[in-house]
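User: Could you take a close look at one part of this structure for me? I'd like the sheet, its strand order and pairing, and then whatever you can say about helix packing and salt bridges around the rest of the chain.

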Amino acid sequence: MTERPQDQERTHVNAAAHAGEDPVLLSTEGRTGRITLNRPRALNSLTHAMVLRMTEALTGWEEGVGDVTQVLLTGAGERGLCAGGDIRAIHDDAKAGGTASADFWRDEYRLNARIARTPLTYVAFMDGIVMGGGVGVSAHGGVRIVTERSRVAMPETGIGFVPDVGGTYLLSRAPGELGTHLALTGTAVGAADAVLCGLADHFVPSGRLPELAADLAGHDVHDVLPRYAQPLPPGHLAGRRAWIDHCYAADTVEEIVDRLLTHGDPAAKEAAETVLDRSPTALKVTLAALRRARALDTLEQVLVQEYRVSCHSLSAPDLVEGIRAQVIDKDRTPRWTPATLDAVTDAEVARHFAPLGGRFGELDLDLGPGPDLGPGQR
């Protein structure tokens with residue numbers, strides 16, 4: 001029996017995923033360069049080698065290899081595009097006082113900026129789980145497609161970390177205070193809310209992605225996408241804007257929590273309880289990072305800020321403890337230091353934004369001034 005195009009596509013990706021091949025699969029189909037993140041058992045989490053491989057591929061295609069005019073990013077397996085960076089490796093490096101994480105972030109953030117800058121049409125299938133670093137390699141692209149299975153999140157505060165990979169750039173530009181809500185709680189959103197918050201552009205049912213991918217081999221995405229895109233399913237955040245915009249507009253995390261607890265809406269109280277479960281230090285640094293990001297003009301400037309924050313987080317206790325509790329021991333009971341919001345000093349927050357030096361080699365991340373990103377560019 002002849003396979004349909006979508007069945008052929010699934011067979012190709014699934015066979016590759018289980019053949020012990022490279023963690024990044026590259027192919028050229030017509031004028032489309034295909035990148036498949038190929039660590040399905042690890043939910044396609046990113047390693048340093050994968051970041052360098054993606055950068056190498058983009059460089060070659062931008063320089064004219066294969067006459068590629070558009071790029072398609074997908075993830076192997078059925079669970080998601082990418083769950084983020086390899087946080088076990090970050091845990092071990094931070095615990096040992098190493099610099100491997102800083103080296104990884106330097107190249108990862110450069111890749112994030114390159115995706116936003118590339119002259120190629122960059123298409124990302126944000127199907128299934130797309131979190132942390134997965135957002136970084138997809139949401140800065142020009143055509144970002146979500147499905148009914150999409151769960152998009154920047155969940156860093158739950159492991160004692162701060163949204164990075166350009167996440168504070170994207171979330172600081174979401175309507176009202178939606179980005180603040182997502183950053184502090186780490187809430188995962190579906191297709192409609194991802195589009196509302198500026199993290200995605202189009203909705204395509206997951207079952208039609210293989211057929212769309214096959215069409216991209218011979219056609220520009222803008223020519224064929226209208227045949228696949230469908231109206232968004234219902235979301236949740238639009239109907240919660242009143243309490244979200246009011247509560248998260250407060251100047252401090254403490255006041256945000258107080259407003260959430262006293263608002264009266266059960267969803268607001270639930271959000272407060274989620275926030276109070278996160279790292280107090282990460283919450284305060286995240287709020288400061290978002291507010292600072294709003295005042296910065298370009299993604300590149302925000303990535304430089306995020307690199308400082310990420311590197312300084314390596315020397316704080318909560319990152320190691322958060323990953324231990326959530327991923328390694330899985331007891332889900334992190335012991336944050338300090339344990340309460342009022343114990344986190346202004347000086348500790350400010351420390352995360354100080355220029356780098358010493359053990360991190362480069363004084364700061366160097367991305368150049370970058371373009372002045374306008375509507376439709378990230």
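Analyst: What follows starts with the sheet, moves on to a helix pair, and ends with the salt bridges.

Keep in mind that this is a predicted model.

So, the sheet. It's an open one with six strands, running in the order S1-S2-S3-S5-S7-S9, and the pairing is mixed. The edges belong to strand S1 (24-29) and strand S9 (202-203); each has a single partner strand, so one side of each has no neighbour in the sheet.

Now step in from the S1 side to strand S3, residues 70-75, which pairs with S5 in the parallel sense over four bridges. Within that pairing, Leu73 sits opposite Ala124 of S5. Strand S5 itself covers residues 121-126, and five of its six residues are buried, so you can call this strand mostly covered. On to the next pair: S5 and S7 are parallel too, again with four bridges. Ala124 turns up once more here, with Arg144 as its bridge partner in S7. That puts Ala124 in register with Leu73 and also with Arg144, which makes it a handy reference point if you're tracing the strands by eye.

Carry on to the edge and you reach the pairing of strand S7 (residues 143-146) with S9, parallel and made over two bridges. Ile145 has His202 as its bridge partner in S9.

Next, the helix pair. Helix H2 (residues 48-62) and helix H4 (residues 100-117) have axes that come within 9 Å and cross at roughly 30 degrees. The crossing is left-handed. From H2, the contact takes in His48, Val51, Leu52, Met54, Thr55, Leu58, Thr59 and Glu62, while H4 brings Asp103, Phe104, Asp107, Glu108, Leu111, Arg114 and Ile115. Sorted by type, the contact residues come out as seven nonpolar, three polar and five charged. If you're picking atoms to display, that mix of residues is the set to select.

Then there are the salt bridges, 22 of them in the structure. Three within helices are worth a look. In helix H11 (residues 241-247), Arg241 and Asp245 are four residues apart, about one turn of the helix. Their closest N and O atoms are 2.8 Å apart. Arg241 is at 26% relative accessibility, so it counts as partly exposed, and Asp245, at 23%, is therefore partly exposed as well.

Helix H17 (residues 346-351) has a comparable arrangement in Glu348 and Arg351: they're three residues apart, so about one helical turn separates them. The N to O distance in this salt bridge is 3.1 Å. Glu348 has 23% relative accessibility, which means it's partly exposed, and Arg351 lands in that class too because its value is 26%. Elsewhere, salt bridges with shared partners link Glu321, Arg324, Asp329 and Asp331 into one network.

Part of that network lies in helix H16 (residues 317-328), where Arg324 and Glu321 are three residues apart, about one turn. They form a salt bridge with closest N and O atoms 2.8 Å apart. Here both partners are buried.

Key
Residues are numbered from 1 along each chain as its sequence is written. This is a predicted model: local features need pLDDT of at least 70, side-chain atom pairs count only at pLDDT 80 or more; totals for chains, interfaces and linings use all residues. Side-chain values use heavy atoms; hydrogens and water are left out. Axes are lines fitted to C-alpha atoms, for helices over the stretch in contact, and angles run from 0 to 180 degrees between N-to-C directions. A crossing is left-handed if the near helix is turned anticlockwise from the far one by less than a right angle, and right-handed if clockwise. Contact means heavy atoms within 4.5 Å. Ala, Val, Leu, Ile, Met, Phe, Trp, Tyr, Cys and Pro count as nonpolar, Asp, Glu, Lys and Arg as charged, and the others, Gly among them, as polar. A salt bridge is a side-chain nitrogen of Lys or Arg within 4 Å of a carboxyl oxygen of Asp or Glu. Buried means under 20% relative accessible area, exposed over 50%, partly exposed in between (1.4 Å probe, protein chains only). Two strands pair if DSSP finds at least two bridges between them.
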